[in-house]
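I opened this model to look up its cores, its pockets and a few single residues. My notes follow in the order I made them.

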Amino acid sequence: CGGCEEPLSGQAITTSGKHWHPRCFKCQACHQNLEHIAFYEKDSLPYCALDYHELFSPRCDFCKTPIEEHSISALGKTYHAGHFFCRECGKPFDEETNFLEHEGHAYCEADYYKQFGKACKGCEETITGDFLVALGGEWHKECFVCADCGSTFASSTFLIKGGKPYCEEHYHQQTSLKKKINPQTKTCHKCQTAIQGRCHSAFGHDYHPLHFQCSRCNKLLS
């Protein structure tokens, strides 16, 4: 007998190559008789379901209890289904759901970018994909264009004026225009060209009437 090591006679239970008296076939942890109960084996020894999971099953990193059935593995940890979720909104993840990690915690894409995303220096919207780093900030690729003509920099070469990127043609155009301005003539703070006629003045700067706009929505101001 695998339990008492006495010779067997009469009825016996056989499992994993071992034989047991029915009275000796017990859980190795709590000693509950398993003759008529479902059991699990570990190293060819029987255990009741409760003790087997307590002793050998992986534990959910969230609730710290044994995982008996389906589990999710992520970030080097194991979770019950439903216990792996966004730290901010609580939305659960499954094997098909994308998530982003920050300091060991999982976030859904919306909350990750809301909490930790970078704003594009061009449009000021949150960057969620590929981006460029230039002029001390991050840019959507489609937003990093000439500040005058809006064209992309095909050769990856650009010139800087007033903290903004320009293609070579419009950089030199802006520079030559500024050189022609009479020192007594006011210069538009937005386009850097001479103001002929009416102008708006605010915050120590002068503007063409059509260039005095909301810096976010471009609505004309008066």
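**Cores**

I began with the largest nonpolar core, which has 11 residues. I listed them as C60, I67, I72, A74, Y79, F84, C86, F93, A106, Y107 and C108. Next I looked up which elements give two or more residues to this core: they are β5 (71-74) and β8 (105-107). I kept in mind that the model is predicted.

I picked C86 from that core and listed its contacts, leaving aside neighbours within four places in sequence. C86 touches F93, A106, Y107 and C108, which are core members too. C86 is also in contact with K91 and D111.

I then found a second, separate core of 9 residues. Among its members are C120, A134, W139 and C146.

**Domains**

I turned to the domain assignment. It gives domain 1 (13-56), domain 2 (71-115), domain 3 (121-178) and domain 4 (185-221). I checked how far apart domain 1 and domain 4 are, and their C-alpha centres lie 85 Å apart.

I also took one residue pair along the chain. Y47 and K219 are 172 residues apart in sequence, and 75 Å separates their C-alpha atoms.

**Largest pocket**

Where does the largest pocket lie? Domain 3 (121-178) and domain 4 (185-221) both give residues to its lining, so the pocket lies between them. I noted a volume of about 1,200 Å³.

I counted 31 lining residues, with G122, K164, K190, S215 and N218 nearest the centre. Strand β12 (residues 164-166) gives the largest share of this lining, 3 residues. By type, I recorded 14 nonpolar, 10 polar and 7 charged residues in the lining.

**Second largest pocket**

I went on to the second largest pocket, which holds about 230 Å³ of space. It is lined by 13 residues, and Y79, F85, R87, H105 and A106 are the closest to its centre. I saw that β6 (77-80) and β8 each supply at least two residues of this lining. The lining divides into 7 nonpolar, 3 polar and 3 charged residues.

I cross-checked this list against the largest core. Y79 and A106 are close to the pocket centre, and Y79 and A106 also belong to the core.

**H140**

Is H140 buried or exposed? I found a relative accessible area of 12%, under the 20% cut-off, so H140 is buried. H140 is found in strand β10 (residues 137-140). Leaving aside its neighbours within four places in sequence, I listed contacts with C120, C123, E125, T126 and I127. Of these, I had already met C120 in the second core.

**Y47 and α1**

I looked up Y47 next and placed it in strand β4 (residues 45-48). Y47 has 10% relative accessibility, so it counts as buried.

What is Y47 in contact with, leaving aside its neighbours within four places in sequence? I listed C27, Q28, A29, L34, F39, Y40, K42, Y52, L55 and F56.

Y52 led me to helix α1 (residues 49-56), where D51, Y52 and H53 are buried. I then looked for what covers the buried residues of α1. The cover includes β3 (39-42) and β4. That fits my Y47 entry, since Y47 of β4 is in contact with Y52.

Conventions. Residues are numbered from 1 along each chain as its sequence is written. This is a predicted model: local features need pLDDT of at least 70, side-chain atom pairs count only at pLDDT 80 or more; totals for chains, interfaces and linings use all residues. Side-chain values use heavy atoms; hydrogens and water are left out. Domain bounds come from an automatic or database domain assignment. A nonpolar core is a set of buried Ala, Val, Leu, Ile, Met, Phe, Trp, Tyr and Cys residues joined through side-chain atoms within 4.5 Å. Buried means under 20% relative accessible area, exposed over 50%, partly exposed in between (1.4 Å probe, protein chains only). Helices (H or I, at least four residues) and strands (E, at least two) are DSSP runs, numbered from the N terminus. Contact means heavy atoms within 4.5 Å. On a 1 Å grid over the protein atoms alone, a cavity is a set of points where a 1.4 Å probe fits but cannot get out, and a pocket is an open set with protein on both sides within 12 Å along at least five of seven lines; lining residues have an atom within 4 Å of a point. Grid points are joined across faces, edges and corners, and a volume is the space filled by probe spheres set on the points. Ala, Val, Leu, Ile, Met, Phe, Trp, Tyr, Cys and Pro count as nonpolar, Asp, Glu, Lys and Arg as charged, and the others, Gly among them, as polar.
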